[in-house]
Amino acid sequence: MGKYEDLAREIVKNVGGKENVSSLTHCITRLRFKLKDESRAKDDVLKKMEGVVTVMKSGGQYQVVIGNHVPEVYADVLPLLGMEEGTPDQIEDTPSGSLFNRAIDAISGIFQPILGIMAACGMVKGLNALFVAIGLYSDAGGGYLVLNAVGDGLFHFMPLFLGYTAAKKFNLKPMIGLVIGAIMCYPGVQNSTLSAGGEALYTLFEGTMFASDVYTTFFGIPMIAMDYTGTVIPVIFVVYFASKCEKFFSRFIPDLVKFFFVPMLTLIVAIPVGFLLIGPVATFGSTIIAETVMSVRNFSPLLAGAIVGATWQILVIFGLHWGFIPVYINNILTNGYDNVMMPFFACTFATSAVVLGILFKTKDQKLKEMALPNFISGIFGVTEPAIYGILLPLKKPFIISCVAGCIGGGFYGAFNFRKFMMGGMGIFEFPAMIEPDGSMGNLIVAVTGVIITMVIAFAATMIFYKEEAPEALADTGAQGAAAGSREQSFTANDSRTQAAANGQLVNRLEIASPIKGTVIRQEAMKDEAFGSGALGKGVAILPKEGKVFAPADGVISAFFPTLHAIGITTDTGAELLIHVGLDTVQLNGEGYTAKAAEGDRVKKGQLLLEFDIALLQAKGFCIETPVLVTNADDYLDIMETSAESVNAGELLLNIIN
């Protein structure tokens, strides 16, 4: 065991113990557990643990965010689970979660094991191109040849590596996956060899984006000529199909001959189906995606880049960025560059610049100590510690980083910013942005975009980020009397609240109940996201009447198209969320009737929405309705009513300012 032995033990204990873990992988900053029962994991304990940044649940994975030293923690956790690095990382079990979550889980599991070596090889390839471009040595010499082989070998034979990792993910014997990858790289089935006999026999789908030449057939079945070296999508689908074949044959083949008959039959079935159907269809799917994305880029490259730049960090938070990594890899391997996903490059430096701004502005010594290493980490391409540890808790800096990333991404989109080879992170990606002919135009765009993004992010942080210091508490007789008269109506959550209840408060902002019903304390809410306080502080109401009234004077800042949720910014600055029912977005507005609209100025007690309680319940939806102050961190405390039930218009929350 290593230096993180104690932390590793506590993590294993609080995810439910060894027996609750089906698999474990890690990425740059997170331990990614697949748990048999996530309810056994103690989220709150883990989040408060020294050495753990936070806990996320996404893509069917239970993610414990550690930071830059996650490989060392991972190495200490493995022995506690009875696992070894390199062994299959998923125990045979029934897939759980939605199709989307399972897809994200599969993608991340397949690519994580090779990300480190992929970055290393890409950096070698990029530096090799840089040294040739500046004249350090010639591309005709043996030095260039060897270094190019180091940099290019993995990418040229990508199906071999993905065949192995996909086999582990899909519970196929890893060696079979490796063989499938090798077969897909076999020279005899590549496009150049298939066309060696001369002219094509005929062309399938002629006149469409799927037009494909046929040079040979498989027992009369047309075999579309394709070069699978360097591709990523086809081998993953072929290995997945092979895993199903292996399970099928294992049921019927006698144990005596299973050792060699099962792999043989698996390959005999999976490989022809892969070359005749799966490979072409997967490639056609990539073509459709590429054409769709490029159509958006053709409409407005600036807009496409801005969208990527604005949303990338949000995807990272939930681990959903893994779903787009194959697009990025596939573009580089098939087109020789990626200009679709690369606008996300701006986000790395937006995050770093915001953290730098906080470092200059904050007087909090602990925050300063966090900011400096997180700034350095971000410059080197690892932003999760900064996002989870600083930007998200402070909220406004995270918004600033997204806006700056959006602007930088738009710049990159407008100037057709490209990356020509994979590898490197942060500043180490620059060599991969030198154009193949050695010209520096694209690299100049890269550096300019970084400067623009960082200047905007840093300046915005210096202007808009204000560190909130506790206000001096006024002790006035009038306030004391007012507080004392209300003391029995509210729950005192901590010492600050108790001080307020004793008269030591600056101001009270009253929020009325928007609905008639039973009050549910936040910790008892059924929805984990609302109940955790991550989305704001408040209560939920179990409605007795299907009407929602304005809880205060203000403006409707958001009225969702599905009508199930309303955002209100009160005249006193409080930002409220009223979410009628749980998961009710799926109803697409059925059962709801709007009585106001987004942007309307409303008065306290004004009818905003009617909803059909019976219909929601008949369709199986929980009608529990959270009422939250989403900018609760801007205030000293939120005091909730101690009443078990309320009528619409009665006092529900007191905001202490």
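What follows is a chat between a visitor and a guide about the structure above.

Visitor: What kind of model is this, and how are residues numbered?

Guide: Side-chain values use heavy atoms, leaving out hydrogens and water, and this is a predicted model, where local features need pLDDT of at least 70, side-chain atom pairs count only at pLDDT 80 or more, and totals for chains, interfaces and linings use all residues. As for the numbering, residues count from 1 along each chain as its sequence is written.

Visitor: How many salt bridges are there?

Guide: To count one, you look for a side-chain nitrogen of Lys or Arg within 4 Å of a carboxyl oxygen of Asp or Glu. Glu-5, Asp-6 and Arg-9, for instance, are linked in a network of such bridges. By this rule, the count is 10.

Visitor: Which residue meets Glu-246 in a salt bridge?

Guide: Start in helix α9 (residues 233-252), where Glu-246 sits; its partner is 73 residues away, in the loop between α6 (158-169) and α7 (174-184). Helices here are DSSP runs of H or I with at least four residues, strands are runs of E with at least two, and both are numbered from the N terminus. The N to O distance is 3.4 Å, and the partner is Lys-173.

Visitor: Is Glu-246 buried or exposed?

Guide: The cut-offs go by relative accessible area: buried is under 20%, exposed is over 50%, and partly exposed is in between (1.4 Å probe, protein chains only). Its partner Lys-173 has 49%, so Lys-173 is partly exposed. Glu-246 has just 5%, so Glu-246 is buried.

Visitor: Where does Lys-419 lie, the one that bridges to Glu-429?

Guide: The side chains of Glu-429 and Lys-419 meet at 2.5 Å, N to O. Glu-429 is buried because its relative accessibility is 6%, and Lys-419 is buried too, at 1%. The two are 10 residues apart, and Lys-419 lies in the loop between α16 (396-414) and α17 (441-464).

Visitor: How far apart are the closest N and O atoms of Asp-571 and Arg-601?

Guide: Asp-571 is in the loop between β13 (565-570) and β14 (575-579), and Arg-601 is in strand β16 (residues 601-602), so this salt bridge ties together parts that are 30 residues apart in sequence. Asp-571 is partly exposed at 48%, while Arg-601 is exposed at 51%. Their closest N and O atoms are 3.0 Å apart.

Visitor: Which residue in β20 stands opposite Thr-518?

Guide: Two strands pair if DSSP finds at least two bridges between them. Strand β9 (residues 517-521) has 5 bridges to strand β10 (residues 537-543), running antiparallel, and there Thr-518 stands opposite Leu-542. β9 also pairs in the antiparallel sense with strand β20 (residues 645-646), over 2 bridges. In β20, the residue opposite Thr-518 is Ser-645.

Visitor: Which strands are the edges of the open sheet with the order β5-β6-β7?

Guide: This sheet has 3 strands with antiparallel pairing. β5 joins strand β6 (residues 212-218) through 3 bridges, and one bridge pair there is Thr-203 with Asp-213. An edge strand pairs on one side only, and here the edges are β5 (202-204) and β7 (221-224).

Visitor: How many residues of α13 are buried?

Guide: Helix α13 has 17 residues and reaches 25 Å from its first C-alpha to its last, close to the 24 Å expected at 1.5 Å a residue (the expected span is 1.5 Å times one less than the number of residues). One of its residues is Thr-348, which is buried at 9% relative accessibility. The helix is mostly covered, and the buried count is 14.

Visitor: Which element gives the largest share of the largest nonpolar core?

Guide: A nonpolar core is a set of buried Ala, Val, Leu, Ile, Met, Phe, Trp, Tyr and Cys residues joined through side-chain atoms within 4.5 Å. The largest one has 84 residues, of which Met-158, Ile-180 and Phe-345 touch the most other members. With 10 residues, the largest share comes from α13.

Visitor: What does Phe-345 contact, leaving aside its neighbours within four places in sequence?

Guide: Contact here means heavy atoms within 4.5 Å. Leaving those sequence neighbours aside, Phe-345 is in contact with Tyr-412, Phe-417, Gly-426, Glu-429, Phe-430, Met-433 and Val-450.
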